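This report goes through the packing, the charged pairs and a few local features of one protein chain. It is best read with the coordinates open alongside.

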Amino acid sequence: MIALSIPSNSAAVLASFTVYGLIHRYAAGPKPSPARLGAVTKATSTLHSTLTTVLAVYFLRRCRAQWAETSSVGAADPSVKYGATAGGLHPRGYPDDSKNPLLQTRSTLGNAITAVECGYLLQDTISLLCEARLRHRLVQPTAKPTLRSVLKYADNTLLFHHISIAVALLVLHYYIHRDRDRGIYIIVQFLLMNSSTPILNLRWWLRTYHPGYKILCLGSDIAFIAAFYMARVWLVGWIIRGYGKSHGYDSAWRVYLEGMRLPCQLGTGALWIANTTWWALLVISVVKRSPQELASVRKAMGIPRR
């Protein structure tokens with residue numbers, strides 16, 4: 001188990017919020033248009049997702065390396081030194097994680113990564129609302145903006161995503177402050193979902209500013225389908241399977257049914273269903289659009305239809 005000091009992370013959340021706010025302020029300018037602010041938001045999103053993905057990979061590899069150093073058999077896999085027989089069962093029937101490093105690892109670095117994520121989500125939520133307010137003003141210059149009217153011009157799915165995760169991370173940092181945090185390794189694993197965001201933003205940039213590049217646009221669609229599936233659908237099963245391995249389970253489905261507490265089942269199940277649904281809708285939209293785009297490419301290149 002990695003036992004590092006756990007300081008209050010309020011300052012780290014505030015610092016992240018401030019830094020991203022300054023980036024938005026100076027990149028967008030004093031009186032940005034909705035399009036300008038939207039582009040800056042996408043660029044900041046790309047920067048943040050790349051940063052957190054790199055930090056998350058470094059943190060996870062560092063944890064594995066430290067587990068390997070402390071293991072008597074020199075293995076980085078927690079299941080080698082913490083199997084089902086070692087952990088046993090909790091009195092309520094689920095596996096006992098009281099000594100499981102996947103859940104009991106505590107790390108200042110891991111806490112800092114989640115603080116950066118939390119500060120970014122709070123700041124980006126404000127940026128999305130500001131962009132929606134600018135669009136409201138552009139369409140209805142004489143109307144007084146209200147929260148309800150502004151939300152009509154906002155990406156409410158993205159707002160819900162940001163707010164729900166930010167609230168969850170604020171709750172996490174409340175527990176960190178009270179020295180009661182657990183599961184930082186698993187939480188940082190979930191932050192690897194950010195790895196699909198740069199491709200999402202590249203796809204947006206191509207379709208917004210270079211819609212005539214049909215091959216590149218279609219290629220970005222295919223790349224994003226693959227990235228979204230790996231980072232937001234497959235990743236959930238990989239995390240569950242990794243946890244189950246520490247208790248001797250042989251599949252993600254089995255550990256989900258037999259080895260997880262009900263709140264964890266509900267949370268991960270809802271997340272997997274939501275991400276799988278979004279992925280399926282993405283695939284459907286690309287499949288519907290691709291024939292027209294391929295036809296445009298053939299026409300531009302002078303390739304006759306068969």
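Leaving aside its neighbours within four places in sequence, which residues is F59 in contact with? The model is a predicted one, and in it F59 touches S107, L109, G110, I113, I184, Y185 and V188 once those sequence neighbours are set aside.

**Nonpolar cores**

F59 belongs to the largest nonpolar core, which has 33 residues, and together with L60, Y185, V188, I240 and V255 it is among the members that touch the most others. At least two residues of this core come from each of the helices α1 (10-28), α2 (34-70), α6 (108-139), α8, α9, α11 (214-245) and α12 (252-258). Separate from this is a second core of seven residues, including F224, V233, L282 and V286.

**Salt bridges**

Side chains of opposite charge can pair when their charged atoms come close. Across the whole structure, a search finds nine salt bridges, and three of them are set out below.

| Pair | N to O distance | Helices |
|---|---|---|
| D221 and R203 | 2.5 Å | α11 and α10 |
| D221 and R289 | 3.1 Å | α11 and α13 |
| R254 and E258 | 3.2 Å | α12 for both |

D221 takes part in the salt bridge with R203 and also in the one with R289. Because D221 lies in helix α11 and R203 in helix α10 (residues 197-209), their salt bridge ties together parts that are 18 residues apart in sequence. Both of these residues are buried, and for D221 the relative accessibility is 0%, so it falls under the 20% limit for a buried residue. The salt bridge between D221 and R289 links distant parts of the chain, since helix α13, where R289 is found, spans residues 262-301 and the two partners are 68 residues apart. R289 itself is partly exposed, at 27% relative accessibility.

The remaining pair in the table has another setting: R254 and E258 are four residues apart within helix α12, about one turn of the helix. Both partners count as partly exposed, R254 with a relative accessible area of 33% and E258 with 44%. Through shared partners, salt bridges join R203, R207, D221 and R289 into one network.

**A buried serine in α2**

S49 is found in helix α2, and at 2% relative accessibility it counts as buried. A polar atom of the S49 side chain lies 3.1 Å from the backbone oxygen of T46. Not counting residues up to four places away in sequence, S49 touches N194, T197 and P198.

**Helix α8 and the loop after it**

Is V171, which is found in helix α8, buried or partly exposed? V171 counts as partly exposed because its relative accessibility is 41%, between the limits of 20% and 50%. With I163, V167, Y174 and Y175, V171 forms a nonpolar patch on the surface, and together these residues have about 440 Å² of accessible area.

The loop between α8 (156-177) and α9 (184-190) contains D179. Although D179 is not a glycine, it has a positive phi of about 60°. D179 is also partly exposed, with a relative accessible area of 44%.

Notes:
Residues are numbered from 1 along each chain as its sequence is written. This is a predicted model: local features need pLDDT of at least 70, side-chain atom pairs count only at pLDDT 80 or more; totals for chains, interfaces and linings use all residues. Side-chain values use heavy atoms; hydrogens and water are left out. Buried means under 20% relative accessible area, exposed over 50%, partly exposed in between (1.4 Å probe, protein chains only). A nonpolar core is a set of buried Ala, Val, Leu, Ile, Met, Phe, Trp, Tyr and Cys residues joined through side-chain atoms within 4.5 Å. Contact means heavy atoms within 4.5 Å. Patches are made of residues with over 30% relative accessible area and no salt bridge: like charges are joined within 9 Å, nonpolar side chains (Val, Leu, Ile, Met, Phe, Trp, Tyr) within 5 Å. Accessible areas come from the Shrake-Rupley method with a 1.4 Å probe; for residues, only the protein chains shown count as cover. A salt bridge is a side-chain nitrogen of Lys or Arg within 4 Å of a carboxyl oxygen of Asp or Glu. A polar contact is a pair of N or O atoms within 3.5 Å; within protein, one must be able to donate a hydrogen and the other to accept it, and residues adjacent in sequence count only if both atoms are side-chain atoms.
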